[in-house]
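Walk me through this model, from its nonpolar interior to its enclosed space and then to one loop residue.

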Amino acid sequence: MTRATIKDVSRVAGVSIKTVSRVLNKERYVSDDMRQKVEEAVARLNYHPSLAARTLAGRRSFQIGLIHDNPSPYYIFNMQAGVGQRCREADFRMIVQPCDINSPGLVDDIGALIDQAQLDGIIMTPPVTDVGTALAELFRRKLPVVRVQPGTDLTATSGFYMNNVRAADEMPSYLFARAHRRIGLVTGHANYFASGQRLTGYRQALQRAGIGFDAALVFPGQFDFQSGAAAAEALLALDEPPTAIFASSDEMAAGVLAAAHRRGVSVPGQLSVAGFDDTDLAQVVWPALTTIRQPIRDLGYAAADLLLEFGERIERRQLPHELVVRGSTAPPKS
């Protein structure tokens, strides 16, 4: 059976090839009537545009890059799911590129990716979002870029984010309302701007509750299981251990749970544990985690959606978070 071509779609729809192309590329300013005719013809003919043909017909490669340096596979999976969904809707390809922000070859690696894949644009996720040399290279190349959760140069590019300070304030406030007074915090990796924001939120909640800040209750983490477990071992070894531990990611919270179980500390009977992100992991561990739901997929989808407009508009959009209560938290025993 002969494969349908764009000319066939044009003939069946009764519109020009240019109009068919505009509809297929999800361009604006096409009338609803024209769009419907083209979509009906595409469905009738079971037409699937060739990526190579689309690339040759214009200046686009119909490929965008997603750059990350993140230790959490759960975060990256959800980010890819959001970006990938929007790319599929627009018949674009997503190319995922892990990197190391501490590598001296970071800028060269990004440049090679752009040159080899002829990318139409790039989405950057934390902590790559705030690497000045990488941003400068993209600006030099005049390549469209959208950043997820940027912490610096906020007006330089479009960015999509959630309010980390407010979210991190809500969790200890929730625990204070349930009679906890000593709440440990496992901070995130120092390379992430959000780590400092979440510490700020924690301190805000302490201040509002009239509780003094105790540096001994704050332990640095790396956004991974191992650092969460190490933090819990240190916090639970204190002469006066916390009755609750708030970890800045679900993976670190899972490490806290594991350390508590090893020590024979019951959760939530003797220790409440809370996380951040609400990835799939939060419901796999036992007990299931009380956590802050970060809209990771929505952030990815929104970033891709704006990038695919290929306009020059700079937009900053905040997406909502949610405190999700599960079995890992309870009032402390008297």
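What follows is a short tour of a predicted model.

Begin with the largest nonpolar core. It has 24 residues. The members that touch the most other members are Val-186, Ile-245, Val-256, Leu-271, Val-273 and Leu-289. Four elements give two or more residues to this core: helix H10 (225-236), strand E8 (244-247), helix H11 (250-262) and helix H12 (281-284). H11 gives the largest share, 7 residues.

Leu-271 shows how such a member is surrounded. Set aside its neighbours within four places in sequence. Leu-271 is then in contact with Leu-236, Pro-242, Thr-243, Ala-244 and Ile-245. Its contacts also include Val-256, Ala-260, Val-265, Ser-266 and Ser-328. Two of these partners, Ile-245 and Val-256, are named with Leu-271 among the core members that touch the most others. Another core lies apart from this one, and has 23 residues. Among them are Phe-92, Val-146, Leu-299 and Ala-303.

Now turn to enclosed space. How many cavities of 30 Å³ or more does a search of the whole structure find? The search finds 1. The volume of the largest cavity is about 250 Å³. Its lining consists of 20 residues. Nearest the centre lie Asn-70, Tyr-75, Tyr-192, Arg-198 and Phe-223.

Which helices supply at least two residues each to this lining? They are helix H9 (193-209) and H11. H9 provides the largest share, 3 residues. H11 thus has two roles to note: it gives 7 residues to the largest nonpolar core, and it supplies at least two residues of the cavity lining. By class, the lining is mixed, with 7 nonpolar, 8 polar and 5 charged residues.

Finish at Tyr-47. This residue sits in the loop between helix H3 (32-45) and helix H4 (51-57). Is Tyr-47 buried or exposed? Its relative accessibility is 10%. Tyr-47 counts as buried because that value is under the 20% cut-off.

Again leave aside neighbours within four places in sequence. The contacts of Tyr-47 are Ala-4, Thr-5, Ile-6, Val-9, Leu-24 and Val-42. Take Thr-5 from that list. Thr-5 belongs to the segment before helix H1 (6-13). At 35% relative accessibility, Thr-5 counts as partly exposed, because the value falls between the 20% and 50% cut-offs.

Sequence separation and distance in space can be set side by side here. Thr-5 and Tyr-47 are 42 residues apart along the chain, with their C-alpha atoms 6.9 Å apart. Tyr-47 and Ser-72 are 25 residues apart along the chain, with 38 Å between their C-alpha atoms.

Key
Residues are numbered from 1 along each chain as its sequence is written. This is a predicted model: local features need pLDDT of at least 70, side-chain atom pairs count only at pLDDT 80 or more; totals for chains, interfaces and linings use all residues. Side-chain values use heavy atoms; hydrogens and water are left out. A nonpolar core is a set of buried Ala, Val, Leu, Ile, Met, Phe, Trp, Tyr and Cys residues joined through side-chain atoms within 4.5 Å. Buried means under 20% relative accessible area, exposed over 50%, partly exposed in between (1.4 Å probe, protein chains only). Contact means heavy atoms within 4.5 Å. On a 1 Å grid over the protein atoms alone, a cavity is a set of points where a 1.4 Å probe fits but cannot get out, and a pocket is an open set with protein on both sides within 12 Å along at least five of seven lines; lining residues have an atom within 4 Å of a point. Grid points are joined across faces, edges and corners, and a volume is the space filled by probe spheres set on the points. Ala, Val, Leu, Ile, Met, Phe, Trp, Tyr, Cys and Pro count as nonpolar, Asp, Glu, Lys and Arg as charged, and the others, Gly among them, as polar.
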